[in-house]
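Student: I should like to learn how to read a model of this kind, feature by feature. Where should one begin?

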There are 2 protein chains.
Amino acid sequence: MQLPRGFRMAGVYCGIKRNPHKLDLSLIVSDVPAVAAGVYTQNRVFSATVGYNRARTPSGAIRAIAINSGNSNACTGERGERDAAEMARLAGAACGVSEHEVLVLSTGLIGEFLPMDKIASGIRTAAERLNVTHEGLLSAARGMLTTDTHEKIAGRNVIVDGTSISILGMAKGAAMIGPNMATMLAVILTDAALAVDDAQALLSAVVDDSFNCISVDGHMSTNDTVLFLANGTQSRRALAGGDLKTFHAALAEVATELARAIPADGEGATHLVTIDVAGCATRQDAYRIAKVVAESPLVKTAIAGGDPNWGRIVSAAGYAGIAFDPVGVSLDLNGTRLYERGSPVAFDAAAVSASIRQERETHIRLQFAEGSASVRFWTTDLTAEYVRLNADYHT
Amino acid sequence: MQLPRGFRMAGVYCGIKRNPHKLDLSLIVSDVPAVAAGVYTQNRVFSATVGYNRARTPSGAIRAIAINSGNSNACTGERGERDAAEMARLAGAACGVSEHEVLVLSTGLIGEFLPMDKIASGIRTAAERLNVTHEGLLSAARGMLTTDTHEKIAGRNVIVDGTSISILGMAKGAAMIGPNMATMLAVILTDAALAVDDAQALLSAVVDDSFNCISVDGHMSTNDTVLFLANGTQSRRALAGGDLKTFHAALAEVATELARAIPADGEGATHLVTIDVAGCATRQDAYRIAKVVAESPLVKTAIAGGDPNWGRIVSAAGYAGIAFDPVGVSLDLNGTRLYERGSPVAFDAAAVSASIRQERETHIRLQFAEGSASVRFWTTDLTAEYVRLNADYHT
């Protein structure tokens, strides 16, 4: 995987997390001002960092992103806002850019103030270690993790405008959880050149079909953020026309691969569940049905138990608040038809159960007879281990 | 508790359930035609019995309700509709009333046809045992259970129009669950006289604040039904004015007591959680926030673990899709203030944790600064036992 040109990165441990074998502070710096776009949580209760970035994107001139894990700077009031601004100032000073060219991301404990002395020392150390190697990438990707079991990185190279450009993304998220932890964060970098409006429009579009189509426990975080930087060091002329379309497709692949990696690493999860909903009147109808099925504890426990329980899936679809003809509904699980146009069909329950148990991935396909809109959604199963991880914690 | 006059009841075992120590068929018969009202699941996928009753209520002339457990008659197509009608015909014949005066309830397995021979023999046996004693009530209340650990009965006596009238309710539900089981059912009987329109209006109103304010796992059943019969054997003149208000209040108490009993008996649950949401612009806003908090797996696992995790509660409120000023939010847990006007406050975490662990009931109070509307909602915690019960089952 070719790294995008003109970005330097590093991740370090600065003492925010208790475990010194983890990393908890990352810096990403562009050699030149980059076009920046952002998509943020819709939660009414949002972190200081979300407020800070939302006011500064889209932008034509961002140089750096400073990220800490272990503390979310959420529910921290005015002091939290001052801390977010100070974090940007510290990163700007350490990297030799204006504080107005810095975005900030936080993830971790809710309701505690950022330990600014540790943040300051972490930023200084990371700034000294910035580099353009895969090692720099790996450490930066690890510095943003909380309860994830591994870093999440995806990349694509495409030829546009006669030049090979790179798209590279990193993400964190393992449920909105982790004892008291919350959040999915992602940063996507490219050395292509993009107009500011195009960058924001592309990001919003690809997030709709990727990060907005995943669920682990349905609990929306205060900090969810996807940032996208395009520094144009490989294609100085802003992409347009067919090149923009080619780029869009590659960006969508990166976003989808990162998004899938989050429920695939869900806390306690033993299955990544892909839910295809098709034949709806609108994409929004399909989306709402998929989300309700994805978040039903009865569907999720059935998958955990290897049970091809079509009744739970069909009845979950029924309470999504979307009008549909029940007689038009068909359901496949791992390729086997369980329910056909409103009625159960005979199937080999033992074989379907075995297919669930033997594979890490489960595929649910719900077909309606209302139209031609569809959506793909990803979720986890629900295990006793998830409950244990989230119950056995004390503030 | 005074039973309402003019009703006879019985519950029997007829072989629908595997366990012969359980009951699985109940009959409730009114000596005279009763006013009947119903409230039904909003699920687009609904059982044949729901369709049957919905077409026949409100009504001025219902004599009997036939109930079976162990089989929900849902996702059974046209044959299911014929079976529901046949069940009404059998009950009418056995009880000496017209089949058009009979309502039918089913709960249990989805997607299997009713064993009509067992239903027929159960109805015959139950009709022979109909009686007006507490024993008849107990057996009828038990015949509707699935995975409930006990029957759920509530009653009130009130003086209206110079006469003592009785309201008696029975319900089932222990989550929408039970291996493949789904549903909450309730039947409320009174010997008061009511106009048909008043009966339906009262029932709809009290259900809004009771059965519509409970959640165990958020999975809406295909069979949810509340039926209300008023046979007027104690107050022949339809209640009106102040008497109607007095009756409404007592009916609300019965419905609320029955509704609370369902999450209190939730599968695997170790806590009944009462959620008060106040200070909202509208009751609907308060309701949506309460429901999202009630259904957050992170909130529910925190209660299971005895963790006063205010961050999970406040952030759940934030994603209900309701606009509010985060700085106006305060939160109390078991009477202790954890969060005050948008900021965490210092509190004795060990003491609050102990209060959760030591009591079977947990109380969450969320105060907003948007208006004066409020709602009370009940839910369960989420335990590893819930997951085990619902995963370790094979169709």
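Tutor: Let us begin with domains, whose bounds here come from an automatic or database domain assignment. The model is a predicted one. Chain A is divided into domain 1, residues 7-264, and domain 2, residues 272-391.

Student: How far apart do the C-alpha centres of domain 1 and domain 2 of chain A lie?

Tutor: These two centres of chain A are 32 Å apart. Eleven residues from domain 1 of chain A and eleven residues from domain 2 of chain A take part in the contact between them. On the side of domain 1 of chain A that touches domain 2 of chain A, eight residues are nonpolar, two are polar and one is charged.

Student: What does the radius of gyration say about chain A?

Tutor: For 395 residues, a compact globule would have a radius of gyration near 21 Å; the value for chain A is 22 Å, which agrees. The C-alpha trace of chain A spans about 70 × 55 × 35 Å along its principal axes. Of the 395 residues of chain A, 62% count as buried. Among contacts in chain A with a separation of 6 or more, 80% are accounted for by residues 24 or more positions apart.

Student: How many helices and strands does chain A have, and which helix might serve as an example of burial?

Tutor: Chain A has eleven helices and 14 strands. A residue is taken as buried if 20 or more other C-beta atoms lie within 10 Å of its own. By that criterion, eight of the eight residues of helix α8 (residues 297-304) of chain A are buried, and the helix is mostly covered. The buried residues of α8(A) include A:L298, A:V299 and A:I303, together with A:K300 and A:T301. Just after α8(A), A:G306 takes a positive phi of about 70 degrees.

Student: How should one read a sheet?

Tutor: Strands of a sheet pair through backbone hydrogen bonds, either parallel or antiparallel. In chain A, six strands form an open sheet with mixed pairing, in the order β12-β11-β10-β13-β9-β14. Strands β12 (343-344) and β14 (373-380) of chain A stand at the edges with a single partner strand each, so one side of each is left without a neighbour in the sheet. Within chain A, strand β10 (residues 330-333) and strand β13 (residues 361-367) run antiparallel and are joined by four bridges. In this pairing A:L331 stands opposite A:L366 in β13(A).

Student: Which strands form the open sheet of chain B?

Tutor: Seven strands of chain B form an open sheet in the order β8-β15-β10-β14-β11-β12-β13, again with mixed pairing. Here β8 (214-215) and β13 of chain B are at the edges; each has a single partner strand, so one side of each lacks a neighbour in the sheet. Strand β12 (residues 336-340) of chain B is joined to β13(B) by two bridges, and the two strands run antiparallel. The bridge partner of B:Y339 in β13(B) is B:P344.

Student: Is strand β7 of chain B largely enclosed or open to its surroundings, and why?

Tutor: Six of the six residues of β7 (residues 185-190) of chain B are buried, so the strand is largely enclosed by the rest of the structure. Both faces of β7(B) are covered: B:L185, B:V187 and B:L189 are buried on one side, and B:A186, B:I188 and B:T190 on the other. Strand β6 (residues 163-172) of chain B runs antiparallel to β7(B), with six bridges joining them, and B:I167 stands opposite B:T190. Strand β9 (residues 225-230) of chain B runs parallel to β7(B), also with six bridges. In β9(B), B:A230 is the bridge partner of B:T190.

Student: How are the two chains related?

Tutor: Two copies of a chain are related by a rotation about an axis and a shift along it. Here a turn of 180 degrees and a shift of 0.0 Å along the axis lay chain B on chain A with an RMSD of 0.0 Å. That is the relation of a two-fold axis. The same surface serves both copies, as 100% of the contact residues of chain B recur in chain A. Of the residues of chain B, B:A384 comes closest to the rotation axis, at 2.2 Å (C-alpha).

Student: Which residues make up the contact between the chains?

Tutor: Chain B and chain A contribute 51 residues each. On the side of chain B that touches chain A, at least two residues are supplied by each of α8 (297-304), α9 (310-318), β13 (343-344), α10 (349-358) and α11 (384-391) of chain B. That side of chain B divides into 24 nonpolar, 22 polar and five charged residues.

Technical notes
Residues numbered from 1 in each chain as written. Chains lettered and ligands numbered in written order. Predicted model: local features only at pLDDT ≥ 70, side-chain atom pairs only at ≥ 80, totals over all residues. Contact = placed C-beta atoms within 7 Å. Nonpolar A, V, L, I, M, F, W, Y, C, P; charged D, E, K, R; others polar. Least-squares fit on C-alpha atoms with pLDDT ≥ 70 in both. Pairing = 2+ DSSP bridges. Buried ≥ 20, exposed ≤ 12 C-beta atoms within 10 Å, placed from the backbone. Rg over C-alpha atoms; globule rule 2.2 N^0.38 Å.
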